[in-house]
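Here is a report on one protein chain. Keep the structure in view as you read.

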Amino acid sequence: AGMSSWSVNGQNQLAQQWFWYRVGATGPEAPINTISAPTITTPNASTLYTSYANNSYGVQIKYSLTGGSAVSGKADMGESIVINNTSASALDFHFFQYSDFNLGGATGGQTVQLGKNLSGLFNEALQTAPGVAFTETVLTPGANHGEAGLVNTTLVKLNDGTPTTLNDNAGPVGPGDATWAFEWDLSIAPGSSALISKDKYIQLQPIPEPSSLALISLGLAGCALIKRRRSK
């Protein structure tokens with residue numbers, strides 16, 4: 001369930017990113033696709049809306065993809081999440097984002113670190129792997145809790161049938177198959193909504209063209225020759 005592919009320069013960088021929720025302090029979390037069947041619209045090639053709703057509440061996600069120039073190794077994904085309370089009572093809504101990126105197409109060699117804003121709320125994730133860097137920035141609001149870990153340690157908590165509060169381990173965690181999660185604890189008034197706005201960015205380390213490599217090699221050889229002549 002959720003987003004399972006983000007291809008940059010023809011290589012998938014993502015295993016899974018998806019959202020879980022819980023209403024109230026007790027009871028288990030569940031993925032948002034259990035709220036209802038999805039309603040999906042794609043107004044253009046770079047934008048997707050997906051919505052899930054029942055008689056009491058609903059979640060809508062807008063994905064906005066921006067790629068760099070051809071083979072630039074850069075891509076940006078904006079996410080705007082709206083949680084609607086359509087009931088006549090206040091909604092105690094706990095919203096979780098779980099992320100498992102396999103940067104560079106590999107599961108190992110990943111390191112993740114979470115950051116906080118001046119209010120002490122989680123607002124950033126930095127994940128790196130050889131030749132690849134990824135950042136997520138929470139624009140508004142910061143998350144109440146976060147958790148960096150290795151694969152499945154957090155996912156098991158979200159699926160175990162009991163209420164979860166993320167452990168606030170900011171890391172760094174790794175190298176290994178690193179994952180991370182954010183948790184927003186929201187109180188939404190009747191007939192109102194809450195907005196979560198985030199941005200993700202991936203950059204692959206540029207690899208010099210063969211011609212550039214040849215020039216670099218010639219330059220190094222020239223430097224070595226000059227140094228040798230000077231030493232003589």
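## The chain at a glance

Of the 232 residues in the protein chain, 38% count as buried. The model is predicted. The chain holds two helices and 16 strands. About 11,500 Å² of the protein chain is exposed, and carbon and sulfur atoms supply 56% of that area.

Now take the contacts in the protein chain with a separation of 6 or more. Residues 24 or more positions apart account for 65% of them.

## How confident is the model?

The average pLDDT of the protein chain is 90, and 88% of the residues score at least 70. One stretch to treat separately is residues 207-228, where the pLDDT is below 50. Beyond near neighbours in sequence, this stretch has one contact in the model.

## The nine-stranded sheet

Start with the open sheet of nine strands. Its order is β5-β6-β7-β8-β16-β12-β11-β10-β14. The pairing is antiparallel. Trace the strands one by one in the structure.

Which strands stand at the edges? They are β5 (39-44) and β14 (173-176). Each has a single partner strand, so one side of each is left without a neighbour in the sheet. From one strand to the next, the twist averages 15°.

Look at the β14 end. Strand β10 (residues 110-116) is joined to β14 by two bridges, and the two run antiparallel. Here Q110 stands opposite G176 in β14.

## The five-stranded sheet

Another open sheet is formed by five strands. The order is β4-β3-β9-β15-β13, again with antiparallel pairing. Its edge strands are β4 (30-31) and β13 (145-150), and each pairs on one side only.

Inside this order, β3 sits next to β9. Strand β3 covers residues 14-23 and strand β9 covers residues 91-101. Nine bridges pair them in the antiparallel sense. To find one pair of partners, go to Q17: its bridge partner in β9 is S99.

## Salt bridges around E79

The structure holds six salt bridges. One of them joins E79 and K198, whose closest N and O atoms are 2.2 Å apart. E79 lies in strand β8 (residues 74-85), while K198 lies in strand β16 (residues 193-204). The pair therefore ties together parts that are 119 residues apart in sequence. Are these two residues buried or exposed? E79 counts as buried, at 2% relative accessibility. K198 is buried too, with a relative accessible area of 2%.

E79 also meets K200 in a salt bridge, at 2.9 Å from N to O. K200 lies in strand β16 and E79 in strand β8, so this pair ties together parts that are 121 residues apart in sequence. Both K200 and E79 are buried. In the sheet order, β8 and β16 stand side by side.

## A salt bridge from strand to helix

Now move to E147. This residue forms a salt bridge with K157, and the closest N and O atoms are 2.9 Å apart. E147 lies in strand β13, and K157 lies in helix α1 (residues 153-158). The pair ties together parts that are ten residues apart in sequence, so here a strand is linked to a helix. E147 is buried, with a relative accessible area of 2%. K157 counts as partly exposed, at 25% relative accessibility.

What joins E79, E136, K198 and K200 into one network? Salt bridges that share partners do.

## A closer look at L126

Find L126 in strand β11 (residues 122-129). How exposed or buried is L126? It is partly exposed, because its relative accessible area is 38%, and partly exposed means between 20% and 50%.

Which residues does L126 touch, leaving aside its neighbours within four places in sequence? L126 is in contact with T111, V112, Q113, F134 and T135. T111, V112 and Q113 fall within the range of strand β10 (residues 110-116). In the order of the nine-stranded sheet, β10 comes right after β11.

Finally, compare L126 with Y201. In sequence they are 75 residues apart. In space, C-alpha to C-alpha, they are 9.8 Å apart. Y201 falls within the range of strand β16 (residues 193-204).

Notes
Residues are numbered from 1 along each chain as its sequence is written. This is a predicted model: local features need pLDDT of at least 70, side-chain atom pairs count only at pLDDT 80 or more; totals for chains, interfaces and linings use all residues. Side-chain values use heavy atoms; hydrogens and water are left out. Two strands pair if DSSP finds at least two bridges between them. Helices (H or I, at least four residues) and strands (E, at least two) are DSSP runs, numbered from the N terminus. Buried means under 20% relative accessible area, exposed over 50%, partly exposed in between (1.4 Å probe, protein chains only). Contact means heavy atoms within 4.5 Å. pLDDT is the predictor's confidence in each residue, from 0 to 100. Accessible areas come from the Shrake-Rupley method with a 1.4 Å probe; for residues, only the protein chains shown count as cover. A salt bridge is a side-chain nitrogen of Lys or Arg within 4 Å of a carboxyl oxygen of Asp or Glu. Axes are lines fitted to C-alpha atoms, for helices over the stretch in contact, and angles run from 0 to 180 degrees between N-to-C directions.
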